[in-house]
Amino acid sequence: MIARLPLRLLGLLSGLLLAVSALAAPAHIEMEIPAARLSGEGTFRWFGLHIYDAQLWVGKRGYDAAQPEAAPLALDLQYARALNGRKIAESSRDQLDKLQIGSAQQRAEWLEKMAALFPDVQAGTHITGVFLPGLGARFYLDGKRLGEIADPAFARGFFAIWLDPKTTAPHLRKALLPDAPARQ
């Protein structure tokens, strides 16, 4: 039957299939959040420099800013440039400082855990963080498991860097949340 379809229609169908497959969650995200869907995506720039592109993936329960700990989610960052893993950890700690999340001692402990876990990245490298309610956060490097930080307070704070209404990157937050509500 497919062989009888005009070539133009076959081209349109194949384009549609590619578009639909592009919306499918990467395997490591689907494993953590069955039926994950892309909530939104955006770019983070620092003084005009393209640092990374971000995608927020949510499950059926979505993401609710009033109850940020209610459901798992995944934040995938695709880096646009080479960065040192320690610097990524320090930048995350600095954001936690600005949001006043955790005590100074907690932030120091979290910094060391992140620095031990986060690798150096190159342009095109993906680091995915998965928020696991009540458990902590699990991290992936290009789809392969890096490790986890089993601390619910850390996980809440870490994802607040992007999702808290007081984030220092409100334009990115807005870009990540357009399809965040729960679905029936």
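# A helix enclosed by its chain

In this predicted model, 10 of the 12 residues of helix H5 are buried, so H5 is largely enclosed by the rest of the structure. Helix H5 belongs to a chain that holds 6 helices and 6 strands, and buried residues make up 41% of the 184 residues in that chain. The points below begin with the chain as a whole, and then turn to H5, to one buried arginine and to a patch on the surface.

**The chain as a whole**

- Read from one end of the sequence to the other, the helices and strands follow the pattern α-α-β-β-β-α-α-β-β-β-α-α.
- Of the contacts in the chain with a separation of 6 or more, 58% are accounted for by residues that stand 24 or more positions apart.
- The chain has an accessible surface of about 10400 Å², and carbon and sulfur atoms contribute 58% of that surface.

**Helix H5**

- H5 covers residues 152-163, and the distance from its first C-alpha to its last is 16 Å, which is close to the 16 Å expected at 1.5 Å a residue.
- The buried residues of H5 include the aromatic residues Phe 154, Phe 158, Phe 159 and Trp 162, and Ala 153, Ala 155, Gly 157, Ala 160, Ile 161 and Leu 163 are buried in this helix as well.
- At the N-terminal end of H5, Asp 151 acts as a cap, with a side-chain oxygen that lies 2.9 Å from the backbone nitrogen of Ala 153.

**Arg 37, a buried residue in a strand**

- Arg 37 is found in strand S1, and it counts as buried because its relative accessibility is 10%, while the cut-off for buried is under 20%.
- The side chain of Arg 37 reaches the backbone oxygen of Asp 179 at a distance of 3.1 Å.
- When neighbours within four places in sequence are left aside, the residues in contact with Arg 37 include Leu 56, Trp 57, Val 58, Gly 59 and Lys 60, and also Asp 179, Ala 180, Pro 181, Ala 182 and Arg 183.

**A nonpolar patch on the surface**

- Trp 46, Phe 47 and Leu 49 together form a nonpolar patch on the surface, and their combined accessible area is about 400 Å².
- Within this patch, Phe 47 is placed in the loop that lies between strand S1 (37-46) and strand S2 (49-58).
- Phe 47 counts as exposed because its relative accessible area is 75%, and the cut-off for exposed is over 50%.

Note on methods. Residues numbered from 1 in each chain as written. Predicted model: local features only at pLDDT ≥ 70, side-chain atom pairs only at ≥ 80, totals over all residues. Heavy atoms only, no water. Patch = residues over 30% accessible without salt bridge, like charges linked within 9 Å, V, L, I, M, F, W, Y side chains within 5 Å. Areas by Shrake-Rupley, 256 points an atom, 1.4 Å probe, with all protein chains shown as cover. Salt bridge = Lys/Arg side-chain N within 4 Å of Asp/Glu carboxyl O. Helix = DSSP H or I, 4+ residues; strand = E, 2+ residues; numbered from the N terminus. Buried < 20%, exposed > 50% of the residue type's maximum accessible area, 1.4 Å probe, protein only. Expected span 1.5 Å × (residues − 1). Polar contact = N/O pair within 3.5 Å; in protein donor to acceptor, adjacent residues only side chain to side chain. Contact = heavy atoms within 4.5 Å.
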